[in-house]
Amino acid sequence: MKKINYDVLQEIGYNGYVLKDAPEKVLQFGEGNFMRAFIDYFIDEMNEKAGFNGKIVLVQPIRNPEGGFRLNDVINEQEGLYTLYLRGFADGRKVNDKRVISSVSRCLNAYEDYEAVMECAKNPDLRFIACNTTEAGIQYDPSNNFEDKPADTYPGKLTQFLYRRYEIFGNEEGKGFIILSCELIDNNGKELEKCVKQYAKQWNLPEEFIKWLDKENVFCSTLVDRIVTGFPRGEAEKLNEENGYIDNIIDTGEIFGFYVIEGPEFIKKEFPFEKAGLPIIVTDNHKPYKQRKVRILNGAHTSFVLGAYLAGQNIVRDCMEDKVINDFMNKTIYEEIIPTLTLPKEELNEFAASVTERFKNPFIDHQLLSISLNSTSKWKARVMPSMIQYIDIKGEIPACIAASLAFYISFYNGEELTEKGLVAHRSNGDEYMIQDDRSVLEFFYEHRNDDAATLVHAVLSNEDFFGEDLTKIEGLEEIVAKDLIFMKENGAYELMKKCIG
């Protein structure tokens, strides 16, 4: 079989949508699985359904490993083409959608192809810059110099590129960029803008350039939501046989996708997602949507997975088939989390319903133990705010969220501290490894022989864990201690039953 390219698709009689030639309108820093299953997919859909007629130049922002896999070369060998499978549950039915993505024109490496990347600044059609350079990507490092080819940090690279654009087009209206930052940090767009301006100041770039940054460029903070599972190693050979071509960068992800862009309304005209019917919104405030995702999707995970694991489950999907665990999760979401959120109730309920379908995804074996990593900080960020707001609103302790604290304490009640983590056992004798910050593991190891009341007091009063002393919340310590004692006598599953009534 031949590798996928435009001629090969024609040879095999592929009759799906492909766009071979179009102006390069998007520069994308980040060539990994997520962006190719998210932004590049959306642009491909806009090309087909809304006449966007634009290609994406991918920029690999890191050096290629010596002698290792060179993703940029593979992308170019396939003329930017790759096969994307979006799979899961949607509207109660199993979905497995295949699409050849043709929105990518080429892939450059920021280090090997520095001048070719900078040459893109001359393209008058270029209007968008998208990026996902990991959470560590948006950082300011004063050791970066303007003369570096390129600067080592992503914001440094972006500043160099923006300055080249400014040099070429000056103050010409419409030649700045709509910059879509997809890194998983708070206020990603604003943080990126802050770093760019720090470099502009450090490198003594003209004041007129900084004014141009403000006037002609929009740094958008965004929320991205899609689980991307990447290259299907175990299935790739079979899929290539079915397709009649070799694709070395097949990508896979869940069918659900949602993209929130914080920016001005004019973005809708230039980025025609509404016409394409895509799950994208432009808003002046992305934070309520981020809060919805963190509290409902991530908060639901953190609330039930430790208890479900102690109850004998191993995979999220199987938990959704268990009525007790599913009911516990739904009571947590609908009765204890949603009342604390600010978006319209209908939108919140719709999102909550999608969460159950996502957790049922038959194509993803989402291990409970993998979700359990760093549960201390996860509980603080994802669950604790809902608990505190619920108490403020209702004047009582939310039963399911309190139980989630008991699950957390019981799950972390290990017996042996090793280099890899804290060893513990569930009731059936299965050994598991608790993995968290070393100080957290040491704390639980030191308290491994405490009785329930002493252990709960020690955990809840630990301000290093939660940023405050939770024993000061009236009634919480007593409820969690009772739950922990109940679990020791009856098990986590029975505590879930007790909570749902």
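A pocket is taken here as an open set of grid points with protein on both sides within 12 Å along at least five of seven lines, and its lining residues have an atom within 4 Å of a point. In this predicted model, the largest pocket encloses about 940 Å³ of space. Its lining comprises 30 residues, and those nearest the centre of the pocket are Leu-184, Val-224, Lys-293, Asn-298 and Arg-382. Several elements share in building this wall: strand 8 (218–225), helix 11 (287–310), helix 14 (345–359) and helix 16 each provide at least two residues. Helix 11 gives the most, with eight residues. By class, the lining of the largest pocket holds twelve nonpolar, seven polar and eleven charged residues.

The second largest pocket has a volume of about 790 Å³. Here 32 residues form the lining, with Ile-255, Phe-256, Gly-257, Phe-258 and Pro-279 lying nearest the centre. At least two lining residues come from each of helix 3 (39–50), strand 3 (82–90), strand 4 (93–101), helix 11 and helix 14. Helix 11 and helix 14 thus appear in the lining of the largest pocket and also in that of the second largest pocket. In the second largest pocket it is helix 14 that gives the most, with six residues. The lining of this pocket divides into 16 nonpolar, three polar and 13 charged residues.

Turning to enclosed space, a search of the whole structure finds three cavities of 30 Å³ or more. The largest cavity holds about 70 Å³ of space. Around this cavity stand Ile-227, His-301, Val-316, Arg-358, Phe-359, Asn-361, Ile-364 and His-366. Four of these lining residues are nonpolar, three are polar and one is charged. The second largest cavity contains about 50 Å³, and the residues lining it are Phe-29, Ala-110, Tyr-114, Val-117, Met-118, Pro-150, Lys-157, Gln-160 and Phe-161. Helix 5 (114–119) and helix 6 (154–169) each supply at least two residues of that lining. The class count for the second largest cavity is seven nonpolar, one polar and one charged.

Two helix pairs complete the picture. Helix 16, which also contributes to the lining of the largest pocket, spans residues 375–394, and its axis comes within 11 Å of that of helix 17 (residues 399–411), the two crossing at roughly 165°. Because angles over 145 degrees count as roughly antiparallel, helix 16 and helix 17 are assigned to that class. The crossing of helix 16 past helix 17 is left-handed. On the helix 16 side, the contact draws on Ser-375, Thr-376, Trp-379, Val-383, Ser-386 and Met-387, which meet Ile-401, Ser-404, Leu-405 and Tyr-408 of helix 17. Six of the residues in this contact are nonpolar and four are polar, with no charged residue among them.

The other pair lies further along the chain, where helix 21 (residues 476–490) packs with helix 22 (residues 492–500) at an angle of about 125°, the axes being 7 Å apart. This angle makes helix 21 and helix 22 oblique to each other. Asp-483, Phe-486, Met-487 and Asn-490 from helix 21 meet Ala-492, Glu-494, Leu-495 and Lys-498 from helix 22. The residues of this contact comprise four nonpolar, one polar and three charged.

Note on methods:
Residues numbered from 1 in each chain as written. Predicted model: local features only at pLDDT ≥ 70, side-chain atom pairs only at ≥ 80, totals over all residues. Heavy atoms only, no water. Axes fitted to C-alpha atoms, helices over the stretch in contact; angles between N-to-C directions. Helix = DSSP H or I, 4+ residues; strand = E, 2+ residues; numbered from the N terminus. Parallel < 35°, antiparallel > 145°, perpendicular 65-115°, else oblique. Left-handed = near helix turned anticlockwise from the far one by under 90°. Contact = heavy atoms within 4.5 Å. Nonpolar A, V, L, I, M, F, W, Y, C, P; charged D, E, K, R; others polar. 1 Å grid on protein atoms, 1.4 Å probe; cavity = no way out; pocket = protein on both sides within 12 Å on 5 of 7 lines; lining within 4 Å. Points joined across faces, edges and corners; volume = space filled by probe spheres on them.
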